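Reader: I like to know what stands behind each label before I trust it. Please take me through this one, term by term.

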Amino acid sequence: MTAIPDLLAAGPTLSVEFFPPKTAEGRTQLDATLDALRPLQLSFVSVTYGAGGSTRDVTRDIVVSINAAQPFPAMPHLTCIGHTRAELTALLDEYVAAGIHNVLALAGDPPADGSDPQGDFTYASELVELVRERGDLAVGVAAFPEVHPRSGNRAEDRRHLAAKLRDADFAITQFFYEADDYFAMLDDLESLGCERPILPGIMPLTNPTSIRRFAAMNGARFPERLAERVDAARDERDRLKIVVDATAELCSRLLDAGVPGLHFYCLNRPEATIGVMELLGPL
Ligand code: FAD
């Protein structure tokens, strides 16, 4: 099975997200992480894309090579802000030709300096439409349980998300640390008539300093009390245990509620994902 909607229907799935490494050492680390994760029998992996195309070739090469070598599909992320229609059409055609069956369609962020990003796209929903035109690709989109930071208000954000999801196959969420934020989003979407599978994005708090920064950028609340416990850990082993226990507790609540799977932001390292899955057992 290579289409993620089929995997989700037969789920729960277990997936991880990688970022494209910038160096040869980073690529070696990514390969070692893939090896270390093998016993978990991943359902799929995804690989992020630098907004505006900064990692275009690296993302494509990694996705195509993992997809060809592994028993599970690899899904590229793709952002549309700052791109022309012709650029994205060419890249999508390359993916289809390389046997890729899934794409995560995103807007990306406009330039931080406020300059005009140029290009033909404003919202992810326009990229979903383009992907649909290009061939037999399943399409995922992003969802923000705590509301997207560029959004005017919650009701508006949910309406846009529900409309985007109507044309897409599934969503993956931004990371969150309170299961209730995810459940509230599902309730909002259900009341808008949207029942697509929404995979929770799980970010183990292995590096509180970086994750505090990501949370501020993405409108996600940062778990201060957990971070204090992680920072006060005696040593690396104790630190990993605190992170793994807290993450497994969140995942258990989500699984008990019947989520379609778990998607780990593993930051190209295997330890926390393996630790959590050892506690949870097979999904
Ligand atoms: P959209 O769905 O377009 O939404 C963006 C904002 O516009 C929201 O506030 C929404 O409410 C609003 N909106 C949507 N449609 C309309 C409309 N028709 N009219 C008015 N307002 C509207 N970024 C990267 O650069 N590379 C990645 O690889 C990447 N991967 C990600 C993976 C996941 C799982 C997630 C959750 C995020 C990821 N991001 C990535 C971040 C994402 O690109 C940014 O958060 C971006 O700012 C929003 O993307 P989106 O696809 O949610 O945009």
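Author: Gladly, and strand pairing is a good place to begin: two strands pair if DSSP finds at least two bridges between them. The strands and helices themselves are DSSP runs numbered from the N terminus, a helix being H or I over at least four residues and a strand E over at least two. This is a predicted model, where local features need pLDDT of at least 70 and side-chain atom pairs count only at pLDDT 80 or more, while totals for chains, interfaces and linings use all residues. Residues are numbered from 1 along each chain as its sequence is written, and side-chain values use heavy atoms, with hydrogens and water left out.

Reader: What makes β6 and β7 a pair?

Author: They are joined by 3 bridges, and the definition asks for at least two, so they pair. The two strands run parallel, and F175 stands opposite G201 in β7. Between these strands the chain passes through helix α7 (residues 179–191), in a β-α-β crossover that is right-handed.

Reader: Why is a crossover called right-handed?

Author: Picture the strands pointing away from you: the crossover is right-handed if the path from the first strand over the helix to the second runs clockwise.

Reader: What joins β7 to β8?

Author: There are 2 bridges between β7 and β8 (residues 261–265), which run parallel. Since at least two are needed, this counts as a pair as well. G201 has H263 as its bridge partner in β8.

Reader: How do you know that both faces of β7 are covered?

Author: Look at the two sides in turn: I198, P200 and I202 are buried on one, L199 and G201 on the other. Buried means under 20% relative accessible area, exposed over 50%, and partly exposed in between, using a 1.4 Å probe and protein chains only. In β7 (residues 198–202), 5 of its 5 residues are buried.

Reader: Which residues of β2 are buried on each side?

Author: In β2 (residues 44–47), F44 and S46 are buried on one side, with V45 and V47 buried on the other. β2 has 4 bridges to β1 (residues 13–18), and these strands run parallel. V16 has V45 as its bridge partner. From β1 to β2 the chain goes through α2 (residues 24–37) in a right-handed crossover. β2 is also joined to β3 (residues 74–79) by 3 bridges, again in parallel, with M75 as the partner of S46. Here the chain crosses through α3 (residues 56–69), and this crossover is right-handed.

Reader: What makes L127 buried?

Author: L127, in helix α5 (residues 124–134), has 0% relative accessibility, which is under the cut-off and therefore counts as buried.

Reader: Is Q118 buried or exposed, and why?

Author: Its relative accessible area is 54%, over the upper limit, so Q118 is exposed. Q118 sits in the loop between β4 and α5, and its phi is near 60 degrees, a positive value in a residue other than glycine. V147, in the loop between β5 (138–143) and α6, also has a positive phi, about 80 degrees. V147 counts as buried because its relative accessibility is 14%.

Reader: Why point out a positive phi?

Author: Because most residues other than glycine have a negative phi, and most peptide bonds are trans. A cis peptide bond joins G11 and P12, with omega about 10 degrees.

Reader: How many residues surround the ligand?

Author: 24 do, with Y49, D109, R150, D157 and K164 the closest. A residue is near a molecule if one of its heavy atoms lies within 4 Å of it. The shell has 11 nonpolar, 9 polar and 4 charged residues. Here Ala, Val, Leu, Ile, Met, Phe, Trp, Tyr, Cys and Pro count as nonpolar, Asp, Glu, Lys and Arg as charged, and the others, Gly among them, as polar.

Reader: What makes the D109 pair a polar contact?

Author: A side-chain N or O atom of D109 is 2.4 Å from a ligand oxygen. A polar contact is a pair of N or O atoms within 3.5 Å, so this pair qualifies. H148 has such an atom 2.9 Å from a ligand oxygen, and a polar side-chain atom of H77 lies 2.9 Å from a ligand nitrogen. The protein covers 85% of the 980 Å² of accessible area that the ligand has on its own, by the Shrake-Rupley method with a 1.4 Å probe.

Terms used
A polar contact is a pair of N or O atoms within 3.5 Å; within protein, one must be able to donate a hydrogen and the other to accept it, and residues adjacent in sequence count only if both atoms are side-chain atoms.
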